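Me: Got a minute to go through a model with me? I'll put it up here.

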Amino acid sequence: MQLTNTKPEPLFPVAVRPMCPVCGQASYSRAGIHPQCAMLAADEVHVSRINARKAALSKRPTPVLRRFERTCPKCQAVQHVRRRTCECGHVL
């Protein structure tokens, strides 16, 4: 009598789940892509646009401040530390 270690064929064939194109794992949704991955893929377009806008804006070089100077958070003007209001009207 020979003993074999082979498994019997399954009674019901297992459905092969589609692979998610974003993460590469088996997907559980009908569309074949995880909802989280779909959101990430949709957000990439918006994030790339936002990053392009940020890169297009020119940044002002920060001035070298002395000990008794500070910058106005509203207009970035250099003010003396004893001034209470900026010329733009911002209260420091």
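Me: Which side chain does the side chain of Gln-79 make a polar contact with?
Reply: The side chain of Arg-83, at 3.3 Å. A polar contact here is a pair of N or O atoms within 3.5 Å; within protein, one must be able to donate a hydrogen and the other to accept it, and residues adjacent in sequence count only if both atoms are side-chain atoms. Keep in mind that this is a predicted model, where local features need pLDDT of at least 70, side-chain atom pairs count only at pLDDT 80 or more, and totals for chains, interfaces and linings use all residues. Residues are numbered from 1 along each chain as its sequence is written, and side-chain values use heavy atoms, with hydrogens and water left out.

Me: OK, is Gln-79 buried or exposed?
Reply: Buried, with a relative accessible area of 5%. Buried means under 20%, exposed over 50%, and partly exposed in between (1.4 Å probe, protein chains only).

Me: What does Gln-79 touch further along the sequence?
Reply: Leaving out residues up to four places away, Gln-79 touches Phe-68, Glu-69, Arg-70, Cys-86, Glu-87 and Leu-92. Contact means heavy atoms within 4.5 Å.

Me: Switching to salt bridges, how many are there?
Reply: One turns up in a search of the whole structure. Glu-69 pairs with Arg-66, with the closest N and O atoms 3.1 Å apart. The cut-off is a side-chain nitrogen of Lys or Arg within 4 Å of a carboxyl oxygen of Asp or Glu.

Me: And how accessible are those two, Glu-69 and Arg-66?
Reply: Glu-69 is buried at 18%, whereas Arg-66 is exposed at 52%.
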